[in-house]
Amino acid sequence: MKANGLNPDFAKAIVFPEVIRYSSIRDKLELQGLFTLYVQYGERYSDFSVGHFQMKPSFAWQLERDVLNSDCRCRFSDVIDTTDTPAARLARVKRLNSTVWQVQYLIWFVQAMDQRYGSGFGNDLCDKLRFYAAAYNCGYHKTEEAIREAMKRNTFHTALFSGHTFYNYCDITAYYLNGC
Amino acid sequence: MKHLAFLLLMLTGIFGTALPQNSSSTGSPVRKVLATLQPEEGILYDESCFPLGISGDQLYMVTMLDGKYYIYENGQRKGPFDNLEKGGYKPCEKGSEDQSCHVFNAESQTGNQDNISMSDDGQYFIKFGGKGFGPFPYIKALHFSEGKTKFTAITMNAEMKSYLITSDGQQIALEGDTESLQMSPSGNTWVFAVKENPGMDPAILKMDFSNMTPDDMLKFAKEQEEKAQKAGPPKAWIYSSNGPKLGPFDPGTFSSNNPAFLKTGGENWIMAIDNSLYVNGKQVKKYEDLDLNTCDIWLSNDGKRFAAASYDKIIFSDGSVYSYPIKTNTIEDAGKIIIKWISLENEKDVVLYSRPL
């Protein structure tokens, strides 16, 4: 994180609620079939949250395309295939199974958000965190208005499937980062 | 006939190992379409059950089409339902056949008072055959064979040094930390990995740091660091009851499921290293295009035939390859291991396959 000029505590706060949820479900869901359906037919058929940061293949794919379309001309262009083929999807699933790659996707997410919105927050780190967290939870390609709307909603639960108690994702991230 | 066989060989060579569904060099699997989905109808995987037991091939599947739910049960499709409660949805019962990992994990008996006693001074004894084996300051793992005719244990002394202890009198000092002790389903065979820990000097545990000056502590820390550097990268070794000590290996290779016994496979143990499959310590197959995971490997009772699955294929030891198994499991029928798996073909056919290992 630091090597990429990012604040590790800020990034950790964004995914903190997902880490809580992952701990409760990691051994209970059998993901093999979902992985297989995704590799075979793509996200239209199967798009599920995976790993410590509960990232969906569709989220990873969007980030990959954004990174490779950006001006970075980065080393990842030789590694990542963004076509919608079984081989590319299989490679993506393998990446999502790796904690190292989940961190890399998180770095790309924060960088993508910084590029779009970073200058608009001034010194208000807490508002920035809530906004980034909402975007992480509901989809960072949504409009600013839609993300702001998502910040108000209590849709996050820690049950295996849909629970009875719902929390505000942004409140949990703010709780994690001291001072917010 | 020879020409035909040659042609098939040529085609196999040209197209690699990716044989089409239903192909097998030793015989085709039995194929049965369990259900056919409507266009745009999708399976709700988490709500669906794919029991693959000997009497449970009738799937219970929940699907969604145009925002409505459908339930497939006993060969019939019911619905549409606005919600699953209206359709009488029944959550899957997760039996042993539904477990996603096919490694056999015997439960250690260290928590069972029937098998362990403690002396007044806090030392442990293993109760076996009317006698007490010990004393041990700590018993890390303890397993009994079927009928409790043998036991195998990992113990530690006060210096945290590990020992293998067996009921037939073996006591082997182990140079490092042990991963979980793995036993065959019968309890007669065992295997485990030992990871060297050169950075950890057991003598440290007995040292009194309170009398050290900051300079002494700094000097001591430097000595320990040099010692660790001299020792080089840590190594790991495999100990088993049916072969010599093996290694050295990269310690990162091993985990609580590797090496392992399988639910099939009898007394034979496996390990996966760099996508190579080892049976009883001998390399039997190097996979080039499959990520080997001990949870998705099946082995015959004699240890000679095997299969391995990943997200996109299942490969048998005879070279047969089948695509996209959503769910896999095994049953034993008249001494034969039968592998069953479900695939979704052409985005509509839910197909059950089965074939002997």
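Start by selecting A91(A), which sits in helix α4 of chain A. You are looking at a predicted model, so it helps to colour chain A by confidence as you go.

**Stop 1: A91(A) and its surroundings**

Turn on the surface around this residue. Is A91(A) buried or exposed? Neither quite: its relative accessible area is 29%, and because buried means under 20% and exposed over 50%, A91(A) counts as partly exposed. Now select I14(A) as well and draw a distance between the two C-alpha atoms. A91(A) and I14(A) are 77 residues apart along the chain, and their C-alpha atoms are separated by 25 Å.

**Stop 2: confidence in chain A**

With the confidence colours on, take in the whole of chain A. Its average pLDDT is 85, and 89% of its residues score at least 70. Which elements of chain A mark the two ends of the range in mean pLDDT? Helix α1 (residues 8–25) of chain A has the lowest mean, 81, while helix α4 (residues 86–96) of chain A has the highest, 94.

**Stop 3: α4(A) and a partner, α2(A)**

Keep α4(A) selected and add helix α2 (residues 32–41) of chain A. The two pack at an angle of about 145 degrees, and their axes are 7 Å apart. Show side chains here: from α2(A) come F35(A), Y38(A), V39(A), Q40(A) and Y41(A), and from α4(A) come P86(A), R89(A), L90(A), R92(A) and V93(A). Sorted by class, this contact of α2(A) with α4(A) has 7 nonpolar, 1 polar and 2 charged residues.

**Stop 4: α4(A) and another partner, α5(A)**

Next, swap in helix α5 (residues 99–117) of chain A. Its axis is 6 Å from that of α4(A), at an angle of about 100 degrees. Angles of 65 to 115 degrees count as roughly perpendicular, and α4(A) and α5(A) are therefore roughly perpendicular to each other. Look for R92(A), R95(A) and L96(A) in α4(A), which meet W101(A), Q102(A) and Y105(A) in α5(A). The classes in this contact of α4(A) with α5(A) are 3 nonpolar, 1 polar and 2 charged.

**Stop 5: over to chain B**

Select helix α2 (residues 214–231) of chain B. At 1.5 Å a residue, its 18 residues should span 26 Å, and its end C-alpha atoms are 26 Å apart, which agrees. Just after α2(B), click on G232(B), which has a positive phi of about 75 degrees.

**Stop 6: T328(B)**

Finish in strand β27 (residues 327–333) of chain B, at T328(B). This residue counts as buried, with 10% relative accessibility. Leaving aside residues up to four places away in sequence, T328(B) touches L52(B), H102(B), W298(B), I314(B), K340(B) and W341(B).

Definitions and conventions:
Residues numbered from 1 in each chain as written. Chains lettered and ligands numbered in written order. Predicted model: local features only at pLDDT ≥ 70, side-chain atom pairs only at ≥ 80, totals over all residues. Heavy atoms only, no water. Helix = DSSP H or I, 4+ residues; strand = E, 2+ residues; numbered from the N terminus. Expected span 1.5 Å × (residues − 1). pLDDT = per-residue confidence, 0-100. Axes fitted to C-alpha atoms, helices over the stretch in contact; angles between N-to-C directions. Contact = heavy atoms within 4.5 Å. Nonpolar A, V, L, I, M, F, W, Y, C, P; charged D, E, K, R; others polar. Parallel < 35°, antiparallel > 145°, perpendicular 65-115°, else oblique. Buried < 20%, exposed > 50% of the residue type's maximum accessible area, 1.4 Å probe, protein only.
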